[in-house]
Amino acid sequence: MYIKEICLEGFKSYATRTVVPGFDPFFNAITGLNGSGKSNILDSICFVLGITNLQQVRAANLQELVYKQGQAGITKATVSIIFDNSDRSRSPLGYADHSEITVTRQIVVGGRNKYLINGKLAQPSQVQNLFHSVQLNVNNPHFLIMQGRITKVLNMKPPEILSMLEEAAGTRMYETKKEFALKTLEKKQSKVDEINKLLDQEILPALEKLRKERMQYMQWANGNAELDRLKRFCVAYEYVQAETIRDSAVGEVGRVKAKITEIDNDAERTKVEIQDMETNISKLTAQKEATMGGEVKTLSDEVDSLSKSLVQEVSVLESKEDTLKGEKENAEKIIHNIEDLKQSIEGKAIALQKSEQEAADLNKSFEDLSKSLEDLEKEHQAVLAGKSSGNEEKCLEDQLGDAKVAVGTAETELKQLKTKISHCEKELGEKTRQLKSKRAEAVDVENELNSRRKGLEKVEIELENLPYKEGQMEALQKDRASELELIQKLKDEVRDHSAQLANVQFNYRDPVKNFDRTKVKGVVAKLIKVKDSSAMTALEVTAGGKLFNVVVDSENTGKQLLQNGELRRRVTIIPLNKIQPNNVHPRVQQSATRLVGKENAKLALSLVGFDKELESAMEYVFGGTFVCRTTEAAKEVAFNQEIRTPSVTLEGDIFQPSGLLTGGSR
């Protein structure tokens with residue numbers, strides 16, 4: 001490769017476009033008058049080659065390289081060198097297919113500086129790599145042998161000669177890169193040491209403290225949860241006990257209602273008997289009025305008063321029945337203390353016996369009075385018949401007076417006895433109800449006590465049968481602590497992995513009300529399925545940053561997400577209706593297959609699976625790149641004149657048609 005032609009425009013003394021052709025492949029000399037611009041042509045060559053020491057081109061800054069430093073209306077300087085690249089054996093890497101290589105450098109007043117290779121923009125490093133690959137390093141101190149330096153070169157020492165030979169052979173470039181890499185490694189190592197020191201002194205102690213606090217909090221939370229569980233268990237137990245007591249109370253109320261019904265039936269029967277007795281009394285009274293004269297009228301009036309008294313007693317009985325009904329309504333509300341009930345059962349049983357005895361005595365007295373009344377009536381009949389009562393000493397008038405007195409006494413005693421009977425019956429009924437309720441409650445309490453004792457014995461037996469050993473609890477606690485620590489470590493690892501995969505997560509808020517979330521398809525990395533696991537690295541390199549782009553249905557959806565979606569990180573959105581796919585022409589694909597074989601070169605798009613509606617987005621991400629199994633196949637695909645398509649090896653090395661190579665450890 002040698003210089004074929006130089007074109008200068010606005011560079012130093014060349015204000016207008018000037019073309020210098022006719023360079024020889026081996027030796028060239030520039031001659032002319034003083035001030036004609038001979039040195040400026042050499043300066044332009046150094047300028048294009050990327051010289052960094054501007055003193056070599058007699059300038060303090062890049063602006064001085066522009067014609068009259070831009071004061072003559074010319075604000076930019078452009079130099080283009082056309083290299084003859086017909087000798088393929090000595091051509092730069094990646095440019096073997098080009099017969100000519102045009103390198104252009106342009107500067108603008110104000111500091112703008114750009115390079116072009118074959119009319120395309122290029123980075124300065126790309127230009128330097130191009131020249132270094134053919135052993136051209138303009139920044140080599142021995143690249144230019146100026147006037148007065150020939151003797152110095154001839155007198156060089158062996159190390160200096162070795163350095164010059166390294167530059168000429170092109171190995172110096174790699175030494176420079178090595179030194180730069182070593183310096184970079186030292187800087188990175190110092191940064192790593194500083195970070196490790198910060199971790200050891202500040203972050204790790206704080207993290208350990210937070211872990212301990214978290215463990216304590218977890219223990220406290222577990223204790224609270226256990227306490228809540230036990231409280232719920234106690235509430236459930238109390239609820240079951242209350243239901244049991246309620247069921248027993250319902251059964252007792254049923255029995256009390258049955259007893260009340262029986263008492264009501266007895267009362268009805270008593271009413272019927274009383275009505276029969278009133279009927280008999282009325283009949284007897286009528287007979288007495290018919291048989292007795294006016295003298296016995298008083299006795300009949302007294303019998304009427306007795307009947308009235310009987311009616312009053314019946315009304316009292318009815319009022320008692322009403323009171324009994326009221327007691328029915330209050331029967332369900334009776335709750336007493338169990339211990340006091342046990343102490344009062346015996347006394348009330350004795351009182352009940354006394355009441356029964358008194359009632360029996362009263363019934364006996366009532367029977368005696370009834371018999372005496374019958375005897376008096378018989379005597380009265382005898383008197384009416386003109387007979388004596390058996391007491392011959394008294395006259396009939398005296399005997400009648402005694403009979404009236406006896407009748408009054410009997411009536412008084414009868415009233416008292418009825419009052420006592422009603423009072424005793426009432427008290428008897430109340431005592432009977434209380435006794436039954438107390439007995440039922442006592443039976444329930446004894447049953448509950450027996451069940452509690454059985455449960456306690458069962459728990460003691462289970463406790464004795466437990467296979468517990470001394471120190472087993474402490475060992476289990478230690479195991480639990482170690483397991484908790486392991487769980488914490490695993491959670492930390494999960495958190496670290498989640499942080500590493502943060503770009504895969506895409507969280508957003510609905511930008512508008514009733515937003516259709518199906519419009520947002522998701523991150524590209526989640527929308528694909530790799531068909532061949534061996535090509536994962538190649539696919540990741542092919543997609544690059546596009547792997548974390550977000551696919552949506554239209555540009556309107558993307559605009560809404562960017563404006564109102566409250567996104568937590570910067571994202572690139574791919575609208576399906578606007579994206580332009582990057583496809584490989586079928587002819588190019590066929591050429592690659594013929595060149596290296598179908599199995600050695602596959603389109604990256606064919607190695608991933610996706611939904612049909614996402615085809616345009618996937619063509620944009622993975623289209624236009626071949627995945628090759630070997631480096632040789634990738635090189636053939638990238639640099640072949642018919643194909644010239646970027647290719648990626650399975651290890652992740654990239655070959656660009658422009659000659660750019662990217663690779664190394666991942």
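This report describes helix H12 and its surroundings in a predicted model, followed by the cysteines.

## Helix H12

Helix H12 spans residues 555–564, and its buried residues are Thr557, Gly558 and Leu561. Viewed along the axis of H12, these buried residues lie within an arc of 100°, so they line one face of the helix.

The cover over the buried residues of H12 includes three strands: S7 (520–523), S9 (550–552) and S10 (573–575).

## The flanks of the helix

On the N-terminal side, the loop between S9 and H12 contains Ser554. Strand S9 is also among the elements that cover the buried residues of H12. Ser554 has a relative accessible area of 14% and is therefore buried, because the cut-off for a buried residue is under 20%. Leaving aside residues up to four places away in sequence, Ser554 is in contact with Pro575 and Asn577. Pro575 falls within the residue range of strand S10 (573–575), which is likewise part of the cover of H12.

On the other side, Glu566 follows H12. The phi of Glu566 is positive, near 50°.

## Cysteines and disulfides

Across the whole structure, a search finds 0 disulfides. Two cysteines may be described by their accessibility. Cys7 is buried, at a relative accessible area of 9%. Cys46 also counts as buried, with a relative accessibility of 2%. Both values satisfy the criterion of under 20% for a buried residue.

Technical notes
Residues numbered from 1 in each chain as written. Predicted model: local features only at pLDDT ≥ 70, side-chain atom pairs only at ≥ 80, totals over all residues. Heavy atoms only, no water. Buried < 20%, exposed > 50% of the residue type's maximum accessible area, 1.4 Å probe, protein only. Helix = DSSP H or I, 4+ residues; strand = E, 2+ residues; numbered from the N terminus. Arc of directions from axis to C-beta. Contact = heavy atoms within 4.5 Å. Disulfide = S-S within 2.5 Å.
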